[in-house]
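Colleague: Before we discuss this model, could you put it on the screen, so that I can put my questions to you one at a time?

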Amino acid sequence: MTARQGPRNRGEGAETGAGSHGHDDPEMPSPVVGPSRPRLFRVLGPGLITGASDDDPSGIATYSQAGAQFAYGLSWTLLVTYPLMVAVQMISARIGRTTGHGLAGVIRLHCPSWLLSSVVLLLLGANIINLGADLGAMADALGLLLPAPHALYVLLFSAISISMQLFLQYTRYVAALKWLTLALFAYFAALACVDVDWGALALHLVWPPQALTSDYLTALVAILGTTISPYLFFWQASEEAEDLRVYPRRVDLVDAPSQGRRALRRIEIDTLVGMGFSNLVALAILVTSAATLNVHGMTHIQTSAQAAEALRPIAGAFASLVFTVGIVGTGLLAVPVLAGSAAYAVGEARQWPTGLERRPKEAQAFYATLVIATLIGMIINFAPVDPIRALFWSAVLNGVAAVPVMVVMMRVAARRDVMGQFAIRGPLKWLGWVATVLMGGVVVAMFGAML
């Protein structure tokens with residue numbers, strides 16, 4: 001569990017909390033901790049990484065399948081979910097920045113133990129399945145370019161993901177994750193080169209004229225699950241708490257409310273940009289797939305090679321290369337986030353020392369959990385599972401698992417005994433509950449249609 005700062009840091013926060021420029025701003029990284037960078041890039045952190053990791057291989061497969069199967073019929077979801085996912089992620093970030101604890105740590109302190117165990121187990125199961133599906137998709141995508149045994153590539157990507165978290169310094173690790181987000185720009189280029197029916201797209205963005213069949217509702221749950229995912233809540237809250245250790249002038253807002261205005265403003269900018277980037281990429285993937293795969297009768301994607309066909313209009317014979325770069329780049333971003341959020345949740349629940357800023361010897365149980373989660377995800381790939389379908393159904397599972405986690409998070413974030421004067425209220429609170437009710441309603445409708 002990330003500890004709150006001691007009296008020395010409280011004093012620093014009180015002295016510098018009112019600063020407005022350069023190193024006097026506690027929301028700006030210290031020159032000692034990190035080199036000088038453009039202000040916006042320094043502001044962007046957990047929100048940007050969270051948003052980019054949202055478009056992981058599971059997201060790419062889900063948006064591609066939705067575009068191929070329903071054309072532009074589900075594009076409205078990416079307009080509707082933007083304010084909702086911003087609200088949910090902003091709430092999770094505020095929990096971490098306000099209390100100095102991750103989401104599991106806050107639940108442990110303020111909720112019954114059975115509720116904590118249920119939430120952590122739910123997250124752990126969903127994360128491991130999602131992680132395994134992502135590793136399998138990365139291996140499958142690389143196999144398009146360099147044919148080799150699937151298991152070999154699964155082992156390779158598992159080793160890379162574990163090594164990134166074990167051996168890279170925290171600040172360098174975060175910087176590496178930010179640069180990996182560039183792999184997603186390939187889909188913007190593809191969108192600019194395909195023949196889009198802009199009239200149909202505009203109509204479907206504001207009006208969903210699709211019949212609510214079982215397949216449509218399942219795809220809707222998958223989109224919601226890969227857009228508003230439980231692991232993203234835990235990750236962003238824990239990273240905000242982690243930053244209190246990395247940047248000593250930052251103090252949890254319960255103890256340093258004077259830092260609140262700047263802290264919440266930074267979180268707002270970070271989350272708005274990160275989630276906006278995420279949804280724009282998702283929309284580009286869905287529309288590109290609709291304009292290439294659906295119009296040619298390919299409505300069910302079974303392999304990575306079929307998914308790569310969406311990029312053929314821009315990349316031609318190099319479509320597989322561009323697709324592989326996107327899958328591998330986002331996978332290397334998402335797998336550590338999936339494993340890391342699981343390790344944070346388990347570690348905070350068990351009161352272990354946690355944090356990627358710590359060395360492995362200082363947080364052995366935390367890093368062991370991270371490694372074990374990745375290894376279990378790796379083992380899943382030795383079962384005869386279709387990687388693309390596994391990605392899609394892992395998104396559906398995330399959609400189902402998100403509902404109870406969101407209910408708990410919303411109740412905790414609104415409690416003044418937990419959040420003090422920073423308890424959520426007004427539009428942020430209502431948007432969070434709208435997202436929760438929408439997710440729950442769609443999940444119930446999906447199961448009802450299945451029956």
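Colleague: In which helix does Ala87 lie?

Modeller: This is a predicted model, and what I say about it should be taken in that light. Ala87 has a relative accessible area of 2%, and because buried means under 20%, Ala87 counts as buried. As to its place in the chain, Ala87 lies in helix H5.

Colleague: Leaving aside neighbours within four places in sequence, with which residues is Ala87 in contact?

Modeller: A long stretch of chain is bridged here, since the C-alpha atoms of Ala87 and Trp433 are separated by 9.3 Å although the two residues are 346 residues apart along the chain. Once the neighbours within four places in sequence are left aside, the residues in contact with Ala87 are Leu428, Leu431 and Gly432.

Colleague: What percentage of the contacts in the protein chain with a separation of 6 or more comes from residues 24 or more positions apart?

Modeller: The protein chain has 21 helices and zero strands, and 60% of its 451 residues count as buried. Among the contacts with a separation of 6 or more, the share from residues 24 or more positions apart is 84%.

Colleague: How are the rings of Phe70 and Tyr216 arranged in their aromatic pair?

Modeller: The structure holds five aromatic pairs, and the one formed by Phe70 and Tyr216 is among them. The ring centres of Phe70 and Tyr216 are 5.3 Å apart, with 90° between the planes. Because planes over 60 degrees apart are classed in this way, the arrangement is edge-to-face.

Colleague: Which helices hold Phe70 and Tyr216, and why does the pair tie together parts that are apart in sequence?

Modeller: Both residues of this pair, Phe70 and Tyr216, are buried. The pair ties together parts that are 146 residues apart in sequence, because Phe70 and Tyr216 lie in separate helices, namely H4 (residues 57-70) and H12 (residues 214-227).

Colleague: Why is the pair of Trp235 and Tyr344 edge-to-face?

Modeller: The pair links distant parts of the chain, with Trp235 in helix H13 (residues 230-246) and Tyr344 in helix H17 (residues 319-350), 109 residues apart. The centres of the two rings are 6.2 Å apart, and the pair is edge-to-face because the planes of Trp235 and Tyr344 stand at 70°.

Colleague: Which residues form one aromatic cluster with Trp235 and Tyr344?

Modeller: Trp235 counts as buried at 1% relative accessibility, and Tyr344 counts as buried at 0%. The aromatic cluster that contains Trp235 and Tyr344 also takes in Phe366 and Tyr367.

Colleague: How far apart in space are Glu240 and Asp252, C-alpha to C-alpha?

Modeller: Helix H13 also holds Glu240, which counts as buried at 1% relative accessibility. Glu240 and Asp252 are twelve residues apart in sequence, and from C-alpha to C-alpha the distance between them is 9.6 Å.

Colleague: Is Gln351 buried or exposed?

Modeller: Most residues other than glycine have a negative phi. Gln351, although not a glycine, has a positive phi of about 60°, and its place is in the loop between H17 and helix H18 (364-380). Its relative accessible area is 53%, so Gln351 is exposed.

Colleague: And is Ala71 buried or exposed?

Modeller: Ala71 is not a glycine either, and it has a positive phi of about 55°; this residue is found in the loop between H4 and H5. With a relative accessible area of 17%, and because the cut-off is under 20%, Ala71 is buried.

Colleague: Which elements give two or more residues to the nonpolar surface patch?

Modeller: The protein chain exposes about 16900 Å², of which carbon and sulfur atoms supply 67%. A nonpolar patch of about 520 Å² on the surface is made by Leu79, Val80, Leu203, Val206 and Trp207. The elements that give two or more residues to this patch are helix H5 (76-99) and helix H11 (198-206).

Colleague: What distance separates the C-alpha atoms of Leu109 and Ala349?

Modeller: Leu109 lies in helix H6 (residues 103-110) and is partly exposed, with a relative accessible area of 42%. Along the chain Leu109 and Ala349 are 240 residues apart, whereas their C-alpha atoms are separated by 9.1 Å.

Note on methods
Residues numbered from 1 in each chain as written. Predicted model: local features only at pLDDT ≥ 70, side-chain atom pairs only at ≥ 80, totals over all residues. Heavy atoms only, no water. Phe/Tyr/Trp six-rings, centres within 6.5 Å; stacked < 30°, edge-to-face > 60°. Helix = DSSP H or I, 4+ residues; strand = E, 2+ residues; numbered from the N terminus. Buried < 20%, exposed > 50% of the residue type's maximum accessible area, 1.4 Å probe, protein only. Patch = residues over 30% accessible without salt bridge, like charges linked within 9 Å, V, L, I, M, F, W, Y side chains within 5 Å. Areas by Shrake-Rupley, 256 points an atom, 1.4 Å probe, with all protein chains shown as cover. Salt bridge = Lys/Arg side-chain N within 4 Å of Asp/Glu carboxyl O. Contact = heavy atoms within 4.5 Å.
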